Amino acid sequence: MTLDLFNSLWEKVVENLRQEIGEKNFKTWFSEFTPKTYIHNCLKISVPSKFVKDWIDKNYLPILSKIIKNTIPEVKDVEIVVENRPSFQVFQKKSTVIKRLQSLAVKTQKLSIFEVNPQNNLNPRYRFDNFVVGKSNEIAFTACQAVVKNPGSLHNPLFIYGPVGVGKTHLLQATGNEILKHYKNLKVKYLTTEQFTNEFINAIKNQTTEEFRFKFRDIDVLILDDVHFLSGKISTQEELFHTFNFLYNLSKQIIFSSDRPPALIPDIEERLRSRFEGGLIVDINPPDFETRIAILKLKAQEKGVFFDNFVYEIIAEKFVNNIRELEGVLSLVIFESQFIDKLTPDKVKEIIKKFAKETYRRVTPKKLIKTIVSHFEIKEEDILKPARNKNLVQIRQILIYFLREFGQLSYTTIAEILKKDHTTIIYSYEKIIKEINRNQSIKEEIEIIKQKILES
Ligand code: ADP
Ligand code: MG
């Protein structure tokens with residue numbers, strides 16, 4: 001089967017499915033439904049989340065399989081898989097690029113098996129040798145190297161701050177990995193501040209704070225990521241303060257990261273702030289053009305792909321702040337390049353536009369508010385005023401979730417929009433995240449609103 005033939009048959013599948021289950025269901029569950037691989041007559045179709053997969057498996061798999069098998073008789077098996085990034089599709093063994101991508105897909109799968117070591121939470125993917133050093137991050141990089149040479153003595157604590165997607169987590173994890181390489185017996189532990197907070201809260205709930213303390217005081221290198229999340233969490237701050245003092249007095253190394261310098265983290269106890277400030281503070285900035293190019297080349301190379309320079313240059317010109325975004329758009333270019341004979345500058349620009357539209361479509365707060373208000377059939381002023389009844393409280397929380405996830409707004413900006421202080425916003429956001437994870441009907445509601453937002 002050629003790719004063209006497959007694509008035209010696939011369009012029929014989509015059409016038949018849409019007719020069979022109705023427009024509304026189709027849009028809710030199948031809008032991000034894409035064929036991923038077709039190997040040995042087994043067609044794998046990707047969907048963006050486990051939630052959608054479970055739902056389709058439960059409710060639509062028989063009808064879907066029937067339609068597919070009727071339309072594309074070669075297909076013997078149909079499987080739904082979760083894939084939230086552009087995938088490396090392999091419909092045809094057409095070129096060497098595809099072969100390389102296939103082998104990469106295998107490699108990536110293998111890696112995921114030992115991805116995160118549960119003992120120390122370190123991921124071997126993050127290393128110094130795949131961290132591109134440029135003006136924007138060289139001071140932080142040098143500081144981390146110094147820490148590896150002299151853990152606990154030179155820069156303690158080391159505090160690294162910078163905006164999202166500039167490589168803080170990568171650097172922290174790489175430092176942990178590198179320390180372990182040189183000192184096998186040291187106990188290294190990496191945690192996000194959220195993990196630390198949750199473990200602590202659970203310890204209180206289960207009355208195991210003694211064990212908690214023991215565990216955290218038995219560490220040689222403590223790496224705590226994103227400490228700005230401590231803002232407003234008084235008892236966790238207090239616990240961290242004591243953990244810090246204990247480790248520090250034994251000359252154990254402590255490394256923190258945050259999205260801003262200690263002085264600017266709101267709602268944090270003075271004594272903890274002064275501990276954050278007691279060692280070396282360094283920042284990481286968004287990468288300059290040359291560094292962005294070097295990062296793109298490295299990431300492509302890791303995937304076995306080599307493009308002409310213009311490809312990297314066009315991407316690096318368009319995406320300036322967030323390295324995660326650079327990686328995302330590069331993956332899409334790699335993916336799309338399999339299906340075209342020659343990648344031209346215009347084609348790259350076209351793919352970038354598509355990426356911006358599909359993946360990081362920024363939605364204005366106004367539009368989000370409008371969609372949510374109409375979904376719940378309430379008035380705009382009801383959601384913008386402090387909520388009185390329980391129902392409205394939850395709708396406001398859902399709005400906060402969307403302002404954060406889709407609008408990509410900071411807590412402070414959301415606080416301004418809703419005329420609340422920003423700790424309330426953080427609290428509401430965390431509450432709704434928890435709720436989404438355990439309440440099926442809210443999950444569904446959120447999915448449906450997402451659809452509406454994407455369509456509007
Ligand atoms: P942050 O923690 O600052 O939000 P991350 O460390 O998660 O950012 O980085 C986002 C992505 O960009 C990761 O996949 C990371 O590997 C990659 N990355 C960031 N900085 C670099 C760099 N200097 N060289 C190579 N990859 C990088
Ligand atoms: Mg991070």
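Trainee: Does Phe276 count as buried or exposed, and at what relative accessibility?
Mentor: Buried means under 20% relative accessible area, exposed over 50%, and partly exposed in between (1.4 Å probe, protein chains only). Phe276 falls in the buried class because its relative accessibility is 1%.

Trainee: What kind of model is this?
Mentor: Residues are numbered from 1 along each chain as its sequence is written, while chains are lettered from A and ligands numbered from 1 in the order written. Side-chain values use heavy atoms, without hydrogens and water; local features need pLDDT of at least 70, side-chain atom pairs count only at pLDDT 80 or more, and totals for chains, interfaces and linings use all residues, as this is a predicted model.

Trainee: Phe159 and Phe276 form an aromatic pair. What is the centre-to-centre distance?
Mentor: Rings of Phe, Tyr and Trp (its six-membered ring) pair if their centres lie within 6.5 Å; planes under 30 degrees apart are stacked, over 60 edge-to-face, the rest tilted. The planes of Phe159 and Phe276 stand 50 degrees apart, a tilted pair. Phe159 is buried too, at 0% relative accessible area. The ring centres of Phe159 and Phe276 are separated by 5.4 Å.

Trainee: How many residues apart are Phe159 and Phe276?
Mentor: Helices (H or I, at least four residues) and strands (E, at least two) are DSSP runs, numbered from the N terminus. Phe159 belongs to strand β4 (residues 158-161), Phe276 to helix α11 (residues 270-276). The pair links distant parts of the chain, with a separation of 117 residues.

Trainee: What is the strand order in the open sheet of five strands?
Mentor: Strands pair if DSSP finds at least two bridges between them. The pairing in this sheet is parallel. Neighbouring strands are turned by 15 degrees against each other on average, direction ignored. The order is β5-β6-β7-β4-β8.

Trainee: Which strands stand at the edges of this sheet?
Mentor: Each edge strand has a single partner, so one of its sides is left without a neighbour in the sheet. β8 pairs with β4 in the parallel sense over four bridges. β5 joins β6 through five bridges, also parallel. The edges are β5 (188-192) and β8 (280-283).

Trainee: Which residue in β6 is the bridge partner of Val188?
Mentor: Four of the five residues of β5 are buried, which leaves that strand mostly covered. The partner of Val188 in β6 is Val221.

Trainee: At what angle does helix α10 run to β7?
Mentor: Axes are lines fitted to C-alpha atoms, for helices over the stretch in contact, and angles run from 0 to 180 degrees between N-to-C directions. Helix α10 (residues 234-249) lies across β6 (221-225) and β7 (253-258). Its angle to β7 is about 145 degrees.

Trainee: Thr193 and Gln195 both lie in α8. What is the relative accessible area of Gln195?
Mentor: Contact means heavy atoms within 4.5 Å. Leaving aside neighbours within four places in sequence, Thr193 touches Leu224, Asp225, Asp226, Val227, Phe229 and Leu230, and Thr193 is buried at 0%. On the same basis, Gln195 is in contact with Asn121 and Tyr190. Gln195 is partly exposed, at 33%.

Trainee: How far apart in space are Gln195 and Asp225?
Mentor: In sequence, Gln195 and Asp225 are 30 residues apart. From C-alpha to C-alpha, the distance is 9.5 Å.

Trainee: Which element gives the largest share of the largest nonpolar core?
Mentor: A nonpolar core is a set of buried Ala, Val, Leu, Ile, Met, Phe, Trp, Tyr and Cys residues joined through side-chain atoms within 4.5 Å. The largest has 31 residues, and Ile372, Ile383 and Phe402 have the most contacts inside it. Elements giving two or more residues are α16 (365-376), α18 (390-405), α19 (411-418), α20 (422-438) and α21 (440-455). Eight residues, the largest share, come from α18.

Trainee: How many residues are in the second, separate core?
Mentor: Its members include Phe30, Tyr38, Ile45 and Ile67. Phe30 also belongs to a cluster of ring pairs with Trp10, Phe26, Phe33 and Tyr60. The size of the second core is 27 residues.

Trainee: Over which ring does the charged end of Lys58 sit?
Mentor: The criterion is NZ of Lys or CZ of Arg within 6 Å of the ring centre and within 35 degrees of the ring normal. Arg404 lies over the face of Tyr429, 5.6 Å from the ring centre. For Lys58, at 5.7 Å from the centre, the ring is that of Trp55.
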